[in-house]
Amino acid sequence: MTLAMAQDTTLIDAMAGDADAFDALLAPLLDPAYRLAVVLLQNRTEAEDAVQEAALKAWSRLRQLRGDRSQLRPWFLSVVANECRMSRRRPWWSVLRQPVLEGGARTSEDDTVRGMDLERAIRRLPIDDRLALFAHFYLDLPLEESARLMGVSLGSAKSRIYRAARRLRPGVALEEVIQTR
């Protein structure tokens with residue numbers, strides 16, 4: 001039996017209700033899903049909750065997956081993105097949160113400043129723009145999978161990624177000007 005056949009068997013078993021098969025399918029997707037949720041929610045605890053809720057929804061709605069196993073990653077990441085959107089709509093989201101400053105080893109002070117500028121500029125983008133940039137550049141998804149994750153056509157995905165990158169650059173440039181004065 002080839003690897004592709006074994007993978008399809010795992011998907012079929014998961015769709016039939018086999019929890020172990022579902023775990024095997026979902027395990028390699030949890031890290032990218034968590035990274036996506038952190039980018040969208042900007043809070044690690046809420047990201048963990050969103051991925052957990054998305055996994056439960058994926059388990060209950062696995063039969064809605066159209067296509068073969070190659071469609072699983074964009075489908076699950078779109079479930080995670082939708083769960084992140086839903087969590088932002090909840091009333092408790094309006095509570096003021098203080099930013100978490102993370103320390104990390106950087107090579108130089110200039111790299112630290114550039115990294116902070118980029119992070120600030122990304123955080124200022126609307127959630128759909130962050131999703132477009134993250135899916136395409138950080139997760140390195142092909143345009144087709146990025147489009148499916150965003151829930152738009154291929155042409156719309158290209159436009160969103162381009163516009164988000166264009167919106168990002170002026171924010172970074174402004175930060176660079178402010179830092180040099």
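# Notebook: salt bridges, a buried alanine and a charged patch

I began by looking up the salt bridges, and the structure holds five of them. I note at the outset that this is a predicted model, and I read each entry below with that in mind.

**Entry on Arg 73 and Glu 145.** I looked at one of these pairs, in which the side chains of Arg 73 and Glu 145 come together in a salt bridge with 2.7 Å from N to O. Because Arg 73 belongs to helix H4 (residues 72-89) and Glu 145 to helix H7 (residues 143-150), the pair ties together parts of the chain that are 72 residues apart in sequence. I then checked how far each partner is covered: Arg 73 is partly exposed, at a relative accessible area of 30%, whereas Glu 145, at 17% relative accessibility, counts as buried.

**Entry on Asp 128 and Arg 85.** I turned next to another salt bridge, the one between Asp 128 and Arg 85, where the closest N and O atoms are 3.6 Å apart. Asp 128 lies in helix H6 (residues 127-138) and Arg 85 in helix H4, so this pair ties together parts that are 43 residues apart in sequence. Here I found the acidic partner, Asp 128, to be partly exposed at 32% relative accessibility, while Arg 85 counts as buried because its relative accessibility of 16% falls under the 20% cut-off.

**Entry on Asp 129 and Arg 167.** I also looked up the salt bridge in which the side chains of Asp 129 and Arg 167 meet, at 2.7 Å from N to O. This pair links distant parts of the chain, with Asp 129 in helix H6 and Arg 167 in helix H8, 38 residues apart. Asp 129 counts as buried at 7% relative accessibility, and Arg 167 is partly exposed, with a relative accessible area of 46%.

**Entry on the chain as a whole.** I stepped back to see which elements these residues sit among, and I noted eight helices and zero strands in the protein chain. Read from the N terminus on, the elements run α-α-α-α-α-α-α-α. Of the 181 residues of the chain, 34% count as buried, and the chain exposes about 11,300 Å², of which carbon and sulfur atoms supply 54%. I also looked at contacts between residues at least 6 apart in sequence, and found that 66% of them join residues at least 24 apart.

**Entry on Ala 157.** I asked myself whether Ala 157 is buried or exposed. Its relative accessibility is 0%, and therefore Ala 157 counts as buried; its place is in helix H8 (residues 154-180). Setting aside the neighbours within four places in sequence, I listed the residues in contact with Ala 157 as Leu 143, Ala 147, Met 150 and Val 152. For one of them, Leu 143, I noted a C-alpha to C-alpha distance from Ala 157 of 7.1 Å, with their positions 14 residues apart in sequence counted as separation.

**Entry on the negative patch.** Which residues form the negative surface patch? I found Asp 13, Asp 18, Asp 20 and Asp 23 there. I followed Asp 23 a little further and placed it in helix H2 (residues 19-41). With a relative accessible area of 46%, Asp 23 is partly exposed, and this value meets the patch requirement of over 30% relative accessible area.

Note on methods. Residues numbered from 1 in each chain as written. Predicted model: local features only at pLDDT ≥ 70, side-chain atom pairs only at ≥ 80, totals over all residues. Heavy atoms only, no water. Patch = residues over 30% accessible without salt bridge, like charges linked within 9 Å, V, L, I, M, F, W, Y side chains within 5 Å. Areas by Shrake-Rupley, 256 points an atom, 1.4 Å probe, with all protein chains shown as cover. Salt bridge = Lys/Arg side-chain N within 4 Å of Asp/Glu carboxyl O. Lys, Arg positive; Asp, Glu negative; His and termini not counted. Charge placed at Lys NZ, Arg CZ, Asp CG, Glu CD. Helix = DSSP H or I, 4+ residues; strand = E, 2+ residues; numbered from the N terminus. Buried < 20%, exposed > 50% of the residue type's maximum accessible area, 1.4 Å probe, protein only. Contact = heavy atoms within 4.5 Å.
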